[in-house]
Amino acid sequence: MREEVREFVLAQLQDMNYDVEGIDDETTLGPAGVDLESLALADLSVRVEDKFGVRFSDDESEELALMTVGEFTSAVAGRVAQQV
């Protein structure tokens, strides 16, 4: 599941016109990494929520910006697993 989430996240970043070359599990989503601004991070979160049926609270948006791609994909995969 984690790899499926990771591939989806990278595809969505590319769709949002972010350069995904060189992004790995240690790349942060926010500044100093992918550099997603709050609106782009919200867009990515909604896309992930719609695809995988998970939810992120508004309070989590700052935490998401600090996560690495690996941490984010693991968090999504973990929430999906809890729903089963």
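1. A salt bridge is a side-chain nitrogen of Lys or Arg within 4 Å of a carboxyl oxygen of Asp or Glu. The model discussed here is predicted. Six salt bridges are found in the structure, and the points below take up some of them before turning to Ala65.

2. Arg79 and Glu60 form one of these salt bridges, with 2.3 Å from N to O. Arg79 belongs to helix α4 (residues 69–83), while Glu60 sits in the loop between α2 and α3 (61–66), so the pair ties together parts that are 19 residues apart in sequence. What is the relative accessible area of each partner? For Arg79 the value is 23%, which makes this residue partly exposed. Glu60 has 16% and is buried.

3. Arg6 and Asp25 also join their side chains in a salt bridge, at 2.8 Å from N to O. Here Arg6 is part of helix α1 (residues 2–15) and Asp25 is in the loop between α1 and α2 (38–52), so this pair, too, links parts that are 19 residues apart in sequence. Arg6 is buried, its relative accessible area being 15%. Asp25 is partly exposed, with 25%.

4. A student may check these labels against the cut-offs. Buried means under 20% relative accessible area, and exposed means over 50%. Arg6, at 15%, therefore falls in the buried class. Asp25, at 25%, lies in between and so counts as partly exposed.

5. The salt bridge between Arg55 and Glu49 has an N to O distance of 3.7 Å. Are its two partners buried or exposed? Arg55 is exposed, at 56% relative accessibility. Glu49 is buried, at 11%. The bridge thus has an exposed residue at one end and a buried residue at the other.

6. Returning to Glu60, its buried label rests on a relative accessible area of 16%. Some salt bridges in the structure share partners, and in this way Arg2, Arg6 and Asp25 are joined into one network. The pair from point 3, Arg6 and Asp25, is part of that network.

7. The last point concerns Ala65, which is located in helix α3. Ala65 is buried, with a relative accessible area of 18%. Which residues does Ala65 touch, not counting residues up to four places away in sequence? They are Leu29, Gly30 and Leu41. Ala65 and Leu29 are 36 residues apart in sequence, but their C-alpha atoms are 5.3 Å apart in space.

Notes. Residues are numbered from 1 along each chain as its sequence is written. This is a predicted model: local features need pLDDT of at least 70, side-chain atom pairs count only at pLDDT 80 or more; totals for chains, interfaces and linings use all residues. Side-chain values use heavy atoms; hydrogens and water are left out. Helices (H or I, at least four residues) and strands (E, at least two) are DSSP runs, numbered from the N terminus. Buried means under 20% relative accessible area, exposed over 50%, partly exposed in between (1.4 Å probe, protein chains only). Contact means heavy atoms within 4.5 Å.
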